[in-house]
Amino acid sequence: MISKEQTLSHLRKGLAQLDIELPSPAICEQLYQYFAELLKWSPKVNLVAKGPELELLETHFIDSLTLVPILKKYLHDDNSHNLLDIGSGAGFPGLVLKITFPDLPVTLVEPRQKRTVFL
């Protein structure tokens, strides 16, 4: 497994390249915790395709975070928005966005029981 420092560095670099600013610096730490859990569970539950860990970070986490600028544009203090993630699988993009916007109500819908246990 790649180190926590490598993971966080790669995540921050990807966000910078896409000019995405997260609402709080603590979010990267929470995303790392999710990443570590995903790596631990994935071989047992077949959550994501096997591949290099940094690729997993890019294709799932950073791709999910590309929605941040759109959500920032539409989310307001009135809490009138909800996010529905249908076919959530391992939690993308729903869990990543819930971590990023903790006050946003998020509903994950996943038909496979093994994956819902992980979620």
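## Aromatic pairs, salt bridges and surface of a predicted model

Phe 35 is buried, with a relative accessible area of 1%. The model in which this residue is placed is predicted, and the following report describes its aromatic residues, its overall fold, its charged pairs and a nonpolar area of its surface.

**Aromatic residues**

Phe 35 belongs to one aromatic cluster, which it forms together with Tyr 34, Trp 41, Phe 61, Phe 92 and Phe 118. The structure holds six aromatic pairs. One of them joins Tyr 34 and Phe 61: the ring centres are 5.1 Å apart and the planes stand at 65°, so the pair is edge-to-face. This pair links distant parts of the chain, since Tyr 34 lies in helix H2 (residues 26-45) and Phe 61 in helix H3 (residues 53-65), 27 residues apart. Tyr 34 has a relative accessibility of 8% and therefore counts as buried, the limit for that class being under 20%. Phe 61 is likewise buried, and its relative accessible area is 0%.

Phe 61 also pairs with Phe 35, again in an edge-to-face arrangement, with 5.7 Å from centre to centre and 80° between the planes. Because Phe 35 lies in helix H2 and Phe 61 in helix H3, this pair ties together parts of the chain that are 26 residues apart in sequence. A pair of aromatic rings is described by the distance of the centres and the angle of the planes.

Helix H3 also contains Ser 64. With a relative accessible area of 6%, Ser 64 is buried. Leaving aside residues up to four places away in sequence, Ser 64 touches Phe 92, Pro 93, Val 96 and Leu 97. Of these partners, Phe 92 is also a member of the aromatic cluster.

**Overall fold**

The secondary structure consists of six helices and two strands. Along the sequence, these elements follow the pattern α-α-α-α-β-α-β-α. The C-alpha atoms fill a box of roughly 40 × 35 × 20 Å along the principal axes. For 119 residues, a compact globule would have a radius of gyration near 14 Å, and the value for this protein, 14 Å, agrees with that expectation.

Buried residues account for 37% of the 119 residues. Among contacts with a separation of 6 or more, 65% are between residues 24 or more positions apart. The accessible surface comes to about 7,200 Å², and carbon and sulfur atoms contribute 54% of it.

**Salt bridges**

Side chains of opposite charge can pair when their charged atoms come close. The structure holds three salt bridges, which are set out in the table.

| Salt bridge | N to O distance |
|---|---|
| Lys 4 and Glu 29 | 2.6 Å |
| Glu 37 and Lys 40 | 3.1 Å |
| Glu 110 and Arg 112 | 2.9 Å |

In the salt bridge of Lys 4 with Glu 29, the closest N and O atoms are 2.6 Å apart. Lys 4 lies in helix H1 (residues 4-17) and Glu 29 in helix H2, so this pair ties together parts that are 25 residues apart in sequence. Lys 4 is partly exposed, its relative accessible area being 31%. Glu 29 is partly exposed as well, with a value of 29%.

Glu 37 and Lys 40, by contrast, both lie in helix H2, three residues apart, which is about one turn of the helix. Glu 37 counts as partly exposed at 32% relative accessibility. Lys 40 is also partly exposed, with a relative accessible area of 45%.

In the salt bridge between Glu 110 and Arg 112, Glu 110 has a relative accessibility of 9% and counts as buried. Its partner Arg 112, at 45% relative accessibility, counts as partly exposed.

**A nonpolar surface patch**

Leu 67, Ile 70 and Tyr 74 make a nonpolar surface patch of about 280 Å². Ile 70 lies in helix H4 (residues 68-74). With 47% relative accessibility, Ile 70 counts as partly exposed, because that class covers values between the buried limit of under 20% and the exposed limit of over 50%.

Note on methods
Residues are numbered from 1 along each chain as its sequence is written. This is a predicted model: local features need pLDDT of at least 70, side-chain atom pairs count only at pLDDT 80 or more; totals for chains, interfaces and linings use all residues. Side-chain values use heavy atoms; hydrogens and water are left out. Patches are made of residues with over 30% relative accessible area and no salt bridge: like charges are joined within 9 Å, nonpolar side chains (Val, Leu, Ile, Met, Phe, Trp, Tyr) within 5 Å. Accessible areas come from the Shrake-Rupley method with a 1.4 Å probe; for residues, only the protein chains shown count as cover. A salt bridge is a side-chain nitrogen of Lys or Arg within 4 Å of a carboxyl oxygen of Asp or Glu. Helices (H or I, at least four residues) and strands (E, at least two) are DSSP runs, numbered from the N terminus. Buried means under 20% relative accessible area, exposed over 50%, partly exposed in between (1.4 Å probe, protein chains only). The radius of gyration is taken over C-alpha atoms; the globule rule is 2.2 Å times the number of residues to the power 0.38. Contact means heavy atoms within 4.5 Å. Rings of Phe, Tyr and Trp (its six-membered ring) pair if their centres lie within 6.5 Å; planes under 30 degrees apart count as stacked, over 60 as edge-to-face and the rest as tilted.
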